[in-house]
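Colleague: I would like to learn how to read a model like this one. Could we go through it feature by feature?

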Amino acid sequence: MVDKRRAVFLDRDGTINVEKNFLHKIADFEFIPGAQEAIKLLKDAGFLVIVVSNQAGIARGYFDESAVEQLHQHIQAELAVYGTSIDAFYFCPHHPDEGLGEYKVACDCRKGNPGMLLRAAREHDVDLERSFMVGDKLADIEAGQRAGCHSLLVLTGYGEKTALKTAAVGV
């Protein structure tokens with residue numbers, strides 16, 4: 001029997017790249033300092049690195065799914081310079097209240113729900129109990145916990161504000 005793989009699930013905006021509202025243009029993309037090296041270290045340590053990202057800008061009609069896919073291709077090209085890559089990208093294009101048309105839906109893939117992590121675990125044979133979810137928002141932490149991962153909050157992006165809010169309410 002082959003052991004399932006360990007993964008680090010990474011939120012994208014505010015965790016890998018500098019937070020910019022509804023980022024979809026390659027010209028606006030900027031890695032958080034050290035993110036490329038951290039991804040390489042995770043991969044070198046044997047982890048799958050999988051991005052899971054809410055992309056409600058699609059639901060709101062600000063950009064389409066192809067813009068997100070093009071940005072992800074750009075991220076891969078930038079990471080290749082460091083001799084590394086992301087193993088898979090998953091994104092949720094929905095929003096339960098602000099969405100338009102088919103994208104206005106309460107779904108299981110929008111973080112705090114675990115849908116993207118569970119799908120990635122099935123498709124990549126991931127052992128969720130030995131894996132991690134890293135993000136800058138409470139929704140990231142909740143998604144990881146609900147999927148059975150160890151969740152970690154970074155202080156980049158919205159992380160500092162999230163940490164202050166959760167500390168204030170005793171979470």
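Colleague: Let me start with one residue: which residues does Thr84 touch, not counting residues up to four places away in sequence?

Modeller: A contact means heavy atoms within 4.5 Å. By that rule Thr84 touches Gln36, Ile39, Lys40, Lys43 and Leu79. Before we go on, this is a predicted model, where local features need pLDDT of at least 70 and side-chain atom pairs count only at pLDDT 80 or more, while totals for chains, interfaces and linings use all residues. Residues are numbered from 1 along each chain as its sequence is written, and side-chain values use heavy atoms, with hydrogens and water left out.

Colleague: Where is Thr84 found, and is Thr84 buried or exposed?

Modeller: Helices (H or I, at least four residues) and strands (E, at least two) are DSSP runs, numbered from the N terminus. Thr84 sits in the loop between helix H3 (65-80) and strand S3 (88-92). For burial, under 20% relative accessible area is buried, over 50% is exposed, and in between is partly exposed (1.4 Å probe, protein chains only). Thr84 has 8% relative accessibility, so Thr84 counts as buried.

Colleague: How do I read strand pairing, and which strands does S4 pair with?

Modeller: Two strands pair if DSSP finds at least two bridges between them. Strand S4 (residues 132-135) runs parallel to strand S5 (residues 150-153), with four bridges joining them; there, Phe132 stands opposite His150. S4 also pairs with S1 in the parallel sense, over three bridges, and Met133 in S4 is the bridge partner of Phe9.

Colleague: What do S4, helix H5 and S5 make?

Modeller: Imagine the strands pointing away from you: a crossover is right-handed if the path from the first strand over the helix to the second runs clockwise. S4, helix H5 (residues 138-147) and S5 make a right-handed β-α-β unit.

Colleague: How many residues has the largest nonpolar core?

Modeller: In soluble globular proteins, nonpolar side chains tend to be buried together. A nonpolar core is a set of buried Ala, Val, Leu, Ile, Met, Phe, Trp, Tyr and Cys residues joined through side-chain atoms within 4.5 Å. The largest one here has 20 residues, and Phe9, Ile50, Val52, Leu117 and Val126 have the most contacts inside it. Strand S1 (7-10), strand S2 (48-54), S3, helix H4 (115-124) and H5 each supply at least two residues of this core, with H4 giving the largest share, four residues. Apart from this core lies another, of 16 residues, among them Ile16, Leu23, Phe31 and Phe47.

Colleague: And how many aromatic pairs are there?

Modeller: Rings of Phe, Tyr and Trp (its six-membered ring) pair if their centres lie within 6.5 Å; planes under 30 degrees apart are stacked, over 60 edge-to-face, and the rest tilted. The count comes to three aromatic pairs. One of them is Phe22 with Tyr62, an edge-to-face pair at 4.8 Å centre to centre and 85° between the planes. Phe22 lies in the loop between S1 and helix H1 (35-44) and Tyr62 in the loop between helix H2 (56-59) and H3, so the pair ties together parts that are 40 residues apart in sequence.

Colleague: Are those two rings buried or partly exposed?

Modeller: Phe22 is partly exposed at 34% relative accessibility, and Tyr62 is partly exposed too, at 47%. Phe29 and Phe31 form another edge-to-face pair, and both Phe29 and Phe31 are buried.
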